Amino acid sequence: MLSTPTGAPQPRPGRPRDVRIDEAVPTAVLELLNEGGYARLTMEAVASRAGTSKPALRRRWRSRPHLVVDALATVVGTQPTPDTGCTHCDLIAGINTLTQAFTTDLGRRALPALVADLADDPELESAFLDRFFHPRRATTAEALRRGIARGDIRPDADIDLLLDMLAATTYYRVLFHHLPLTPDLAEQVVRTVLSGVATAQWRAAHRS
């Protein structure tokens, strides 16, 4: 321990965090998921692909599912919905980040298995919600509030319900594979949802 001029003990500085590992690991996780799927993903394989060691991974991520959660947050993004001044454009852009990510094996092979793990691990569920789900949801909620402020969405609209409706189609198709994630899915969903809560002002400007 080090001492201050008053004699109070101070902890020695720890080893600096290796930013290279933080950057390499999500990429390695996604590559391995695409190659072998969730069931074959191991901490050892990720460490080897990322050019690090398993102990180094353990210092940052408690388990394999935690690696996947962080990879989701890094690659899919936690602030997907921009502010362009166009309500439906912003919402479409946000949903498109899900569509684009989940048309890879990340969605088809990893998300259903990860969701199953969440049910049995409250700490993992909390990490998923805090690291990935809630931040994404918050940026879309802001887009909806901006839409209300600019007069595109009715002020009495239920924000939480709209958030669920906007994202549900993508997650539902990823989990059950009954229909594909098409390139125009985000636009179809946004226009369908807005048709129920849009103001006369928005409808007049987007009759087509």
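**How the helices cross**

Helix H7 passes helix H8 in a right-handed crossing. Keep in mind that this is a predicted model. Let's stay with this pair for a moment.

Two packed helices are described by the angle between their axes and the distance between the axes. Here H7 covers residues 122–149 and H8 covers residues 159–176. Their axes come within 10 Å. They cross at roughly 125 degrees. So what do we call H7 and H8, relative to each other? They are oblique, because an angle of roughly 125 degrees falls outside the classes for parallel, antiparallel and perpendicular.

Now the residues that touch. H7 brings Phe132, Phe133, Arg137, Thr140, Ala141, Leu144 and Ile148. H8 answers with Ile159, Asp160, Leu162, Leu163, Asp164, Leu166 and Tyr171. By class, this contact has 10 nonpolar residues, one polar and three charged.

Hold on to Tyr171, which we just met in H8. Next topic: aromatic rings. A pair of rings is described by the distance of the centres and the angle of the planes. The count for this model comes to four aromatic pairs. One of them joins phenylalanine 102 and tyrosine 171. Their ring centres are 6.1 Å apart. Their planes stand at 55 degrees, so the pair is tilted. Which parts of the chain does the pair link? Distant ones: phenylalanine 102 is in helix H5, residues 87–102, and tyrosine 171 is in H8. That is 69 residues apart.

Over to helix H1, residues 19–36. We will look at two partners. Start with H2, residues 43–50. The axes of H1 and H2 come within 8 Å and cross at roughly 120 degrees. H1 and H2 are therefore oblique to each other. Their crossing is right-handed. On the H1 side, the contact uses Arg20, Ala24, Val25, Ala28, Val29, Glu31, Leu32 and Glu35. On the H2 side, look for Ala45, Val46, Arg49 and Ala50. How do these residues divide by class? Eight are nonpolar, none polar and four charged.

The second partner is H4, residues 64–76. The axes of H1 and H4 come within 9 Å and cross at roughly 105 degrees. That makes H1 roughly perpendicular to H4. From H1, the contact takes Val25, Pro26, Val29, Leu30 and Leu33. From H4, it takes Leu67, Val68, Ala71, Thr74 and Val75. Nine of these residues are nonpolar, one is polar and none is charged. Notice Val25 and Val29: they appear in the contact with H2 and in the contact with H4.

Last, a record. UniProt, in an unreviewed entry, lists residues 42–61 as "DNA-binding region". In the model, that stretch is 75% helix and 0% strand. Its end C-alpha atoms are 12 Å apart.

Key
Residues are numbered from 1 along each chain as its sequence is written. This is a predicted model: local features need pLDDT of at least 70, side-chain atom pairs count only at pLDDT 80 or more; totals for chains, interfaces and linings use all residues. Side-chain values use heavy atoms; hydrogens and water are left out. Axes are lines fitted to C-alpha atoms, for helices over the stretch in contact, and angles run from 0 to 180 degrees between N-to-C directions. Helices (H or I, at least four residues) and strands (E, at least two) are DSSP runs, numbered from the N terminus. Angles under 35 degrees count as roughly parallel, over 145 as roughly antiparallel, 65 to 115 as roughly perpendicular and the rest as oblique. A crossing is left-handed if the near helix is turned anticlockwise from the far one by less than a right angle, and right-handed if clockwise. Contact means heavy atoms within 4.5 Å. Ala, Val, Leu, Ile, Met, Phe, Trp, Tyr, Cys and Pro count as nonpolar, Asp, Glu, Lys and Arg as charged, and the others, Gly among them, as polar. UniProt positions are given in the numbering used here, feature names are shortened, and annotations may be inferred rather than shown by experiment. Rings of Phe, Tyr and Trp (its six-membered ring) pair if their centres lie within 6.5 Å; planes under 30 degrees apart count as stacked, over 60 as edge-to-face and the rest as tilted.
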